[in-house]
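Me: I would like to learn how to read the features of a structure like this one. Could you take me through them slowly?

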Amino acid sequence: MSDPARRYLTTPIYYASGEPHIGHAYTTILADALARFWRQDGVDVFFLTGTDEHGPKMQTAAEERGMEPMELCDLMAGKFQAAWERLEISHDRFIRTTEQEHKDVVRAFVTRLHERGEIYEGSYSGWYCIHEERYWTEKDLGEDNACPDCGRPTQHLEEKNYFFRMSAYQDALVRHIEENPDWIVPEIRRNEILGFLRQPLGDLSISRPRSRVAWGVPLPFDEDHVAYVWVDALINYLTATGAIDPSAPSDAQGFDDVSASRWPADLHVIGKDILTTHSVYWPTLLMGVGLPLPRQILSHGWWVVGDTKMSKSLGNVVDPLQLRDDFGTDAVRWYLLREMPTGSDASYTPERFLARYDELANVLGNLASRVVSMIVKYRDGVVPHAAADGLDSAITETMAAARSAMAEYKVHEALAAAMDLARTANGYVEERQPWTQAKESPDDLDHTLASLTRALTALCALFQPATPAKMAELAPRLGLDSVPTLEQALALETAGRAVSKGPPLFPRVELAQAE
Ligand code: MSP
């Protein structure tokens with residue numbers, strides 16, 4: 001059973017061969033929004049991200065730059081860390097697969113598989129795409145033996161590999177997916193995997209000869225071979241929990257009892273491109289060593305540009321850090337989270353980016369600035385003593401809607417509900433006409449201002465998972481020490497709070513910047 005007070009959440013670990021782009025940023029920001037939302041509810045969250053640093057792709061990328069692989073790893077891991085810092089990612093651990101601890105856990109894991117008779121030696125003959133780090137059969141290939149996924153040339157390989165008896169777990173995996181309808185969400189992805197599992201499942205090649213791929217973790221039972229980079233990478237989720245102690249004797253390394261650790265993960269957040277590795281390879285490998293499976297896999301959609309895939313060769317990759325420099329971190333986070341329905345694809349356009357930015361500025365930013373200005377102007381900056389219940393039903397309905405949307409990972413819906421509350425509050429200002437109340441009915445004005453303060457306090461909590469930096473700016477302007485939780489937002493007294501004005505939360509920007 002999952003402990004509702006503790007949750008272990010992961011992103012994929014990103015290939016350290018390329019720069020962070022908007023797709024990586026989306027996955028990480030989506031996971032971050034969940035982490036922040038759960039923490040607001042008092043959940044003890046452990047949030048993991050990191051970089052995937054082994055394999056032929058890294059080796060080739062380093063050669064192309066005239067660098068040692070480790071030099072390139074350090075450089076790129078640094079870039080990902082810096083990117084996540086600038087995008088306000090609140091991870092608890094950044095793991096790198098070149099860490100000694102991880103390499104030791106990989107070796108312990110494959111040793112365990114080997115000892116349990118799960119590995120045999122075989123030979124592999126087929127086509128390999130370095131970019132996707134995966135094999136294809138001849139019938140899958142495009143023209144000139146191109147990779148069907150990325151279009152790059154594949155190479156023909158014939159070599160000795162070690163294989164994991166993945167096929168033996170096909171029935172157990174299908175049963176697991178059928179008995180746990182929410183194990184893979186959304187349903188379309190679950191069906192995709194069930195469809196895939198209707199064909200016989202093959203065994204998994206888990207090694208590469210060191211003569212061809214030197215940059216990897218050598219197998220303890222044959223040092224001339226390194227672990228297949230996907231096997232190495234998936235194990236990161238386990239390493240980070242500390243569940244496995246590779247230095248202990250083989251029967252006491254922790255594979256038999258993980259109850260004292262964070263394993264199993266509560267949620268793996270991934271893109272739809274890496275669904276098979278996470279929902280077929282990973283769970284069967286875990287079955288092979290006798291460990292419990294992750295509790296859930298959330299697979300999101302793909303960001304495209306217009307209707308074209310983003311790619312370096314097309315030169316259409318959107319740089320999240322440039323957008324962040326032009327518009328601010330929270331504008332990028334808001335756009336990505338609000339624009340993409342979790343699970344579906346979405347298309348990046350500068351016009352949509354600006355439209356979403358305008359929403360932040362004109363609805364939320366405008367509400368915050370007018371409410372604070374009126375309290376300063378009419379009540380010397382102190383929220384008056386009055387009932388604050390003018391918008392209460394809208395607030396409680398929004399909180400309920402946001403909670404249930406977040407429980408289904410529909411972050412876009414939770415945020416839409418929050419923005420609607422800000423619209424409702426702006427409508428309330430128009431309806432109550434505080435500027436007229438100031439002259440004609442001061443008691444009504446007190447009620448209006450107190451109610452608006454309560455609504456803004458709730459909005460501060462509701463927007464915090466998406467726009468944490470701006471909400472941290474807004475909180476003190478509302479006379480609060482810090483951003484409240486949803487519960488606190490409802491319970492907090494409004495009367496007597498000293499508010500203060502500040503620069504616009506979301507200053508005006510021009511279309512040219514978004515382009
Ligand atoms: N290293 C592997 C993952 C190993 S996890 C044990 C990998 N890395 S990656 O750098 O290619 O990043 C993959 C992840 O980035 C995808 O799963 C997805 O989460 C995200 N995205 C990369 N491009 C994307 C888009 N264009 N759109 C949305 N997300 C995409 O695969």
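Me: How do the residues of the shell around the ligand divide into nonpolar, polar and charged?

Reply: As a general idea, Ala, Val, Leu, Ile, Met, Phe, Trp, Tyr, Cys and Pro count as nonpolar, Asp, Glu, Lys and Arg as charged, and the others, Gly among them, as polar. In this predicted model, the shell divides into 11 nonpolar, 9 polar and 2 charged residues. A residue belongs near the ligand if one of its heavy atoms lies within 4 Å of it, and the closest here are I13, T27, D52, I274 and W303.

Me: Before we go on, what should I know about the numbering and the values?

Reply: Residues are numbered from 1 along each chain as its sequence is written, and side-chain values use heavy atoms, with hydrogens and water left out. Because the model is predicted, local features need pLDDT of at least 70 and side-chain atom pairs count only at pLDDT 80 or more, while totals for chains, interfaces and linings use all residues.

Me: Which element gives the most to the shell around the ligand?

Reply: Helices (H or I, at least four residues) and strands (E, at least two) are DSSP runs, numbered from the N terminus. Here β1 gives the most, with 4 residues, and β1 (6-15), α1 (22-40), α7 (229-234) and α8 (236-239) each supply at least two.

Me: Which atoms of the ligand have polar partners in Y15, D52 and D273?

Reply: A polar contact is a pair of N or O atoms within 3.5 Å; within protein, one must be able to donate a hydrogen and the other to accept it, and residues adjacent in sequence count only if both atoms are side-chain atoms. A nitrogen atom of the ligand is 2.7 Å from an N or O atom in the side chain of D52, whereas an oxygen atom of the ligand is 3.1 Å from a polar backbone atom of Y15, and a polar side-chain atom of D273 lies 3.2 Å from an oxygen atom of the ligand.

Me: How many aromatic pairs does the structure hold?

Reply: Rings of Phe, Tyr and Trp (its six-membered ring) pair if their centres lie within 6.5 Å, and planes under 30 degrees apart count as stacked, over 60 as edge-to-face and the rest as tilted. The structure holds 23 such pairs; one of them joins F80 and W84, which are edge-to-face, with 5.9 Å from centre to centre and 65° between the planes. These two residues are 4 apart in helix α3 (residues 69-86), so about one helical turn separates them.
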